[in-house]
Amino acid sequence: MVKRNQPDSEMLKGTLDMMILRTLVGGDAHGHTIAKLIERTSEDVLEVEQGSLYPALHRLEDRRWVSSFWGTSENNRKAKFYRLTAQGRKQLVRESNRWQRMTRAIGLVMGEEMAWSGGE
Amino acid sequence: MNWRRFFRRRSADAELLEEIESYVEEESAENMSRGMSAVEARRRAHIKFGNPATVRDAVWQQNTISFLDTIFRDIRYSSRTLLRAPGFSMMAIGVMALCIGASTSLFTIVRSVLLKPLPFRDPSRLVMVYERYRQNEFPIAYNAVSPGDYFEWRTETHGFADMAAWTPWGFNLSGEHAELPERVDAGGGTWNFFSLLGVEPAIGRAFTETEDHWGANVVVLTWELFERRFGGNPAILGKQIHLGSNPYTVIGVLPPTFSYPDVKVQLWVPYQSVTPPDFLHNHAYHQSRVIARLRPDVSRANAIAQVSNVQSRLHAEYPDQAVSEAAIPRTLAEDLASDVKKPLLLLICAVACMFLIGCLNVANLLVARGAARQKEVAMRGALGAQRWTLIRERLMESLLICSVGGVVGAALSIVATHWISITWKNLPSSRDIHVDGAVLSFACGLVFFTAILAGLLPAITSTGEPVLAALQSSSRTVGGSLSRAALRRTLLTVEIATTVVLLVASGLLLKNFLRLRTADLGCATDNVLTMSYSLPKQRYDTTDKVTGFHERLLDRLALVPGVQAVGLGESVPGKGEVEDDIFVIPEHPPVKPGDLLLDALVRRADPGYFRALQIPLLSGRFFLRQDADVEHRGNKAMINHAFAQRWFSGENPIGKHLKVPLWSDADYEIIGVVADTLHAVNAQPAPTMYFQQLEGSVLGGTLVVRTSGDPLQFSLPIQKQIATLDPELPVSDVLTMRQIVGESLGDLRLMAALVLAFALLSLILASVGLYGVLSYLTTQRTTELGIRIALGAQREQILRLILFDGLRPALFGLGLGLVLSVASARVVGSFLYGMTPLDAPVFGIVLVTLMTVAMMACVVPSWRASRLDPIQALRTD
C-alpha cells in the first residue's frame with residue numbers, strides 16, 4: 001500500500017470536499033465548472049488542482065454525497081455532471097458547522113484586526 | 001473499501017479519461033474565446049490540467065483494495081508461469097484431480113453410511129439386542145432372538161424405555177389390475193416398532209396393539225413401493241392389496257426417509273401376523289431382531305445385564321433347546337454398517353496412501369521447477385522482493401494447480417460416487433448417497449490442505465537460499481544443488497514405499513478374489529440355472545396340493561428339450577442364508593446337562609436335487625419320491641460328509657436316526673451321505689442335515705435346472721412352464737450358479753478392483769516422479785558428464801552411474817515399502833480367506849513389477865546422458 005506523507009493533505013482534502021459540496025448547492029455542474037466556480041468565488045486566491053479535484057469527486061461519489069450523470073455542457077459538449085444528494089447536503093451542513101467553529105477558534109487565538117502586528 | 005468499484009476499475013478509468021477530455025475541451029473553448037489560436041488554446045488547457053496520468057493513478061489507487069490486488073497479481077503471475085509449462089501443469093492438475101476426486105467420493109460414502117445420523121428420533125439411544133451363546137457350533141457373535149425370549153425380555157426387564165421386535169419376511173405381491181405379480185421383501189414389526197423408532201407414517205397410521213395378532217391383515221407400505229407400484233396415489237389408503245393371495249388393507253405409508261433395514265424391504269405387516277401362535281412363546285425359534293430404546297437414567301451395561309439375567313434363567317429352564325445364555329447389544333448405527341465398516345476403512349487407507357503419493361508427486365515437481373527458477377528467484381530477492389512475497393507466489397502456484405484439479409476432481413467424484421453406490425450392493429442407505437454442501441466444503445478444504453502440503457516445502461526450500469550464493473552458482477558449477485537433489489530423493493523414497501504398500505495390499509486382495517472366484521463349492525456351477533418361488537398358503541392349503549404342484553412342475557421341466565436334470569431344494573450352495581437347528585441322535589447316549597447341544601445346518605432337497613447339482617453320493621442312497629408318500633411322510637434324512645465325520649466317526653450312519661425337538665419328536669432315518677458343499681464361497685464345510693423337500697408342508701423352494709447350453713436361455717421356457725401350472729405365481733431370483741458365486745463375491749471384487757486402481761495410479765505417479773527426478777538430475781549434471789566423457793569415461797560407465805543414481809531411491813523405497821507392508825498385513829489380512837497376508841508370490845510380483853517400472857523410468861534419462869556429445873555439453877551454459 002502506498003502511503004503519502006503530505007502534512008496538510010488531510011485538512012486540505014476535507015476542505016476541498018466541503019467546497020465542492022458547497023459549489024454544488026447552486027446546481028448540477030461538471031468538473032470544469034466546479035473548478036472555475038471555486039476559483040472565481042475565492043477571487044482567484046484558491047487554485048484548484050485537477051490532480052486533486054477528480055479524485056475528490058470520485059471519493060464524494062463513492063460516499064454517495066454526490067451522484068453523477070452524463071449530460072451536455074453549456075457549449076454543447078458531452079460532460080459528466082455532478083449533483084448534490086440528500087446525504088451530501090447533510091454532510092455539507094456538518095462540515096460547514098465544523099469549519100465555522102474552527103475558523104472562529106483560530107480567529108480567537110490569532111486575535112481580531114491583527115492588533116499585535118503594530119497596527120497600521 | 002468498495003467492492004463494486006474495485007471490480008469496475010477499468011470502466012471507471014475509461015470514464016475518467018472521457019471526463020478529462022471534456023475538461024480539456026471546455027478549457028480550450030474558453031481559451032479560444034479569449035482569442036487564442038486553436039493549437040495554443042489546447043496546449044494551454046493541457047498545461048492547466050497537468051498530467052492526466054497522475055489523476056488517473058490517484059483515482060485508480062482510491063478504488064483499489066490492496067490485498068485483493070496483490071492476490072490478483074499473484075494469480076495472474078502464477079497462471080502465466082503455469083501456462084508457460086503446460087506439460088507440467090496438466091500433469092500436476094491431473095494428479096490432483098484424481099486424488100481430490102477419490103478422496104471426495106470416499107468421504108461422501110463414509111459420511112452417509114457411517115457419520116450421518118439415522119432418520120429416527122434420538123438415534124444414539126437405540127440399540128439392537130441379540131442373543132449370545134457362550135460356546136456354539138457356529139461362531140455367530142450376534143444371534144437372532146426367539147419370540148419367546150423377546151416377550152420375556154420386554155415384560156421382565158425395566159432397563160429400557162421400550163423394546164420392539166421385527167422379523168424378516170417375504171410376500172408374493174399380486175397385481176391388482178394387470179401388473180405382474182412380484183416377490184417383495186417385507187418386515188413383520190411389533191405394534192410399538194414405529195413409535196419406538198420415532199417414525200410417523202407420511203400418510204395414514206401405523207399398527208395398533210389390537211392389530212398385532214395372528215391373521216391380522218393390515219399393511220404399511222414404504223414410500224418406494226407406494227411410488228413405484230401404486231403411482232403415489234394416496235387413494236390406496238384403506239384399499240386392499242393381495243399378499244400371497246390374502247387381502248391386506250393398506251393403513252399407512254412410511255415417509256421417504258425410512259429405509260430400514262435396507263431399501264429391499266418394501267412393506268411392513270404386524271409381527272404376530274407372521275409368527276404362528278405356537279411359535280410365539282417358543283425360545284428356540286431364532287428369527288427376530290430386537291431394537292430397544294435406552295432409558296436416560298439407566299446405563300446400557302445395566303440394561304443389558306438385566307436382559308442377560310432373564311436369558312440365563314431361560315437357558316436353565318430349557319436345557320434341551322437352543323436357548324442362549326446371555327444377551328449382547330450393539331448400537332443401531334453399528335448394526336446397519338457392520339458389513340461395510342471394514343471395507344470402508346480399507347478404502348480410506350488406500351485413498352490416503354494415494355493422496356499422499358499425489359501430494360509428494362506435485363511437491364516433487366514443484367521442487368524441480370523451483371530449482372530451474374532458482375536464479376530468477378534469487379534475482380528478485382536481490383531486487384527487494386520479500387521472502388514472504390516469494391513464498392506466497394509459489395503457494396499461489398500450488399493453490400492454482402489444486403483448485404483446477406479440485407474442480408475436475410469434484411466432477412469426477414460425482415460420477416464415481418454414483419457408480420460406487422449402485423455397484424456396492426451391501427451399502428446401507430445407498431439412496432441417500434449424494435454430493436451436497438458438506439461434501440463440497442470438504443473438497444474445498446481438501447484443496448487448500450493439499451495446496452499447502454504440496455506447496456509449502458518447495459516454496460520454503462526454494463526461497464531460503466542466500467542471495468549471493470544463488471546468483472553466483474551457475475550451472476557450470478558442478479554439483480551445484482546437491483541438497484535439493486537430496487530432498488527430491490527423500491520425497492521419492494517415501495513415494496515409492498507408499499506405492500509398494502498399496503501394490504502389496506491390492507495384490508493380496510486380487511489373489512484372494514481370484515482364488516475365491518474359482519473356489520469349488522462342491523457342486524456343479526456351469527450351466528445351472530436357479531429360480532425361486534413360494535406357493536401361497538391360501539390356495540395351497542393341503543399337503544397334496546403342495547406336493548402335487550412341486551412334482552408336476554418337476555416332471556414338466558424334465559421334459560423341456562435341453563434340460564439335463566431338475567431338482568428342487570430350499571436353497572443352493574453359495575447362497576448363504578444359514579439355518580441351523582438342535583438335533584438329537586436317539587442311538588447315542590443323551591447329551592449330559594451343561595454340555596453343548598448338537599447343532600447342524602438344515603437344508604431341504606427333493607430326490608433330483610443332488611443329481612442336478614452333481615453333489616456326489618458317498619454311501620447309502622438318495623431320497624426317492626415314494627419316501628415322501630403319505631404313510632412315510634418325510635421320515636427320511638440325509639447328511640453330508642462333515643456331519644458324518646463330526647458325529648458318526650468310526651461307525652456307519654446309514655440306518656441311524658435324527659430327531660429335531662423344535663419340530664416334533666418324529667425320528668428321521670438317515671439313508672445316505674453326500675459330499676460337502678459350501679454355503680458361502682468363503683466358508684468352511686459345515687455339518688449339514690438334508691430333509692425332504694416334498695414332504696408336503698414346504699411351500700417355497702429354489703429350482704435347480706442343469707442345462708446343455710447357456711442356462712439363461714432356459715429362463716423364459718421354464719417360467720412359461722410355471723405360468724402354465726399357476727399363472728399368478730411370481731418367480732424371483734432367476735440366477736445362474738455362476739451369478740450366485742459372482743454376487744456373493746461382489747463386494748470383494750469391488751474392493752479388489754478399487755484398491756488395484758489406486759495402486760496402479762500410484763505406480764504410474766511414482767514412475768513419473770522417478771523419471772522426472774532423474775531427468776532433472778541429469779540435466780543438472782550435463783557439464784560434469786561432458787567433462788567426464790571428454791576425459792575418457794566410457795558410455796557404459798556413464799549409463800551405469802546415472803542408472804544407479806536413479807535406482808538407489810527406488811531400492812530404498814522398495815525396502816521400506818516391503819517392511820511397511822509386513823507391518824500393515826493385519827489390516828489386509830482380515831479380508832483374506834484361507835491365505836496368509838505374507839504371501840510370497842504376491843510380494844515377489846510386486847518386487848519385480850516395481851523394479852521393472854523403476855528400471856524403465858531410469859533407462860531413458862541414463863541412455864540420454866550416455867549419448868551426450870561432450871562438445872555440446874561443455875558449450876551449454
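Mentor: From the N terminus on, chain A runs α-β-α-α-β-β-α. This is a predicted model, in which local features need pLDDT of at least 70, side-chain atom pairs count only at pLDDT 80 or more, and totals for chains, interfaces and linings use all residues. Residues are numbered from 1 along each chain as its sequence is written, with chains lettered from A and ligands numbered from 1 in the order in which they are written.

Trainee: What makes a run in chain A a helix or a strand?

Mentor: Helices (H or I, at least four residues) and strands (E, at least two) are DSSP runs, numbered from the N terminus. Chain A has four helices and three strands.

Trainee: How do you know that the span of α26 in chain B agrees with its length?

Mentor: The expected span is 1.5 Å times one less than the number of residues. For the 27 residues of α26(B), 840-866, that gives 39 Å, and the end C-alpha atoms are 37 Å apart, which agrees.

Trainee: What is meant by a bend, and where does α26(B) have one?

Mentor: A bend is the angle between axes fitted to the seven residues ending at a residue and the seven starting there. At B:Val859 that angle is about 30°, and B:Pro861 follows within four residues.

Trainee: Why is a residue of α26(B) called buried?

Mentor: Because 20 or more other C-beta atoms, placed from the backbone, lie within 10 Å of its own (exposed: 12 or fewer; partly exposed: in between). Among those of α26(B) that count as buried are B:Val842, B:Leu850 and B:Pro861. In chain A, 28% of the 120 residues count as buried.
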